[in-house]
Amino acid sequence: MTAPGQNLKINGARLWDSLMEMAKIGPGVAGGNNRQTLTDADSEGRHLFQKWCMDAGCTMGLDQMGNMFARREGTDPDALPVYVGSHLDTQPTGGKYDGILGVLGGLELLRTMNDLDIKTKHPIVVTNWTNEEGTRFAPAMLASGVFAGMHTQDWAYDRKDAEGKKFGDELARIGWKGEETTGDRKMHAFFELHIEQGPILEAENKQIGVVTHGQGLWWLQVTLTGKDAHTGSTPMNMRVNAGLGMARITELVHTIAMENQPGAVGAIGHCDVYPNSRNVIPGKVVFTIDFRSPDQEKLDGMKARLEAEAVPIAQELGLKMEIEAVGHFDPVTFDPTCVKAVRDAAERLGYSHMDIISGAGHDACWINRLTPTAMVMCPCVDGLSHNEAEDISPEWAAAGADVLFHAVVETAQIVS
């Protein structure tokens, strides 16, 4: 395959302008974004992305999960497309770059190809995957999971948000439910550009992360049921305190993760306390445990140990306990050829780089099951993400998009 010349780069200023324009849609309260999936803001962002893609000469496909596919034709009508993309939805208090950089970086590489009149044998398709974040409708990476056959579409349609609204109903309501069968598309390869969402690249002073692996994940939802009681008038030895059970299991989660170092993490993130009153002992708590590791044995071992050792904690306190697995994917090894294309692109462009393991889940983790896949990462300030203060520099964004451009165009095969 012919590699692009090292002087070929995307238009960094145009990419940055697009990021800032998209950030105007669904603004947060502290400088970031609240563009949660299947909201009116999500719909508005989709319309803007579609307009930009059409202006770039693309056709737009839409499947039954709302996944968007902007296609730039190749010279060979029989060649499978090279896909690139990420997601436009955000956390409730999300930043301006998580996911969005990957979608608009993909759009920018098509715009640059138009500017330079670059033709490729394989078509190139820029994708916006629906509901990557999973914050409104669990689990994360929902639509790419359906695309990859990990979930059924009916099951996904029945996912409910905190108000009881169903995913399928909300997708239809905002007007982005397509007719194309989800998962019917075949791919030559898939690339995803993303901010690191961690501190490693910035700490190591590297411009590019070449992602070789992705951590596996277990999300366990624990429900502890005790007895609501007055905090002032209930003797300590007569309490059935669900909050105390959560506190002890929180400590257990931390201990399990620490005793599986290196290469393991664990924490309790989401929790609901009932009745959540300052003078009532919690009678019920529902919380989610997040265990991750790139090592399958460690990952499954942490889950098994939690399930075993949480039982006596609940029994000692007189609590009823239920544990449900609400999210899971195995550790991911990305395709060596695609990873090499990313690494070679960084070297060709003179960008400092290092191999890295993705600590977060991404749509690429599911698509990797279907087609050769790789990821490109750029640093983010202080490793901060899922926070309105999330920040990157225009130079980091441009470097990541440059590497994406080179890896994708090389894989799609330049036609001279």
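The following exchange covers a helix pair, a hairpin and an annotated span in a predicted model.

Colleague: Are the axes of helix α2 and helix α3 roughly parallel or roughly antiparallel?

Modeller: The axes of α2 (residues 40-55) and α3 (residues 100-116) come within 10 Å and cross at roughly 15 degrees. Angles under 35 degrees count as roughly parallel. The two helices are therefore roughly parallel to each other.

Colleague: Is the crossing of α2 and α3 left-handed or right-handed?

Modeller: The angle of that crossing is roughly 15 degrees. As to its hand, the crossing of α2 and α3 is left-handed.

Colleague: Which residues in α3 do F49, W52 and C53 meet, and how many residues in the contact are charged?

Modeller: From α2, the residues F49, W52 and C53 meet V103, L104, L107 and R111 in α3. By class, this contact has six nonpolar residues and no polar ones. Arg counts as charged, and the number of charged residues is one.

Colleague: In which sense do strands β1 and β2 pair, and which residue in β2 stands opposite T59?

Modeller: Strand β1 spans residues 59-62 and strand β2 residues 68-72, and they pair over four bridges in the antiparallel sense. Five residues lie between the strands of this hairpin, where G66 takes a positive phi near 85 degrees. Opposite T59 stands R71.

Colleague: Which residues does the UniProt annotation "domain: Peptidase M20 dimerisation" cover, and how far apart are the end C-alpha atoms of that span?

Modeller: The annotation comes from an unreviewed UniProt entry and covers residues 215-310. In the model this span is 33% helix and 35% strand. Its end C-alpha atoms lie apart by 24 Å.

Definitions and conventions:
Residues are numbered from 1 along each chain as its sequence is written. This is a predicted model: local features need pLDDT of at least 70, side-chain atom pairs count only at pLDDT 80 or more; totals for chains, interfaces and linings use all residues. Side-chain values use heavy atoms; hydrogens and water are left out. Two strands pair if DSSP finds at least two bridges between them. UniProt positions are given in the numbering used here, feature names are shortened, and annotations may be inferred rather than shown by experiment. Axes are lines fitted to C-alpha atoms, for helices over the stretch in contact, and angles run from 0 to 180 degrees between N-to-C directions. Angles under 35 degrees count as roughly parallel, over 145 as roughly antiparallel, 65 to 115 as roughly perpendicular and the rest as oblique. A crossing is left-handed if the near helix is turned anticlockwise from the far one by less than a right angle, and right-handed if clockwise. Contact means heavy atoms within 4.5 Å.
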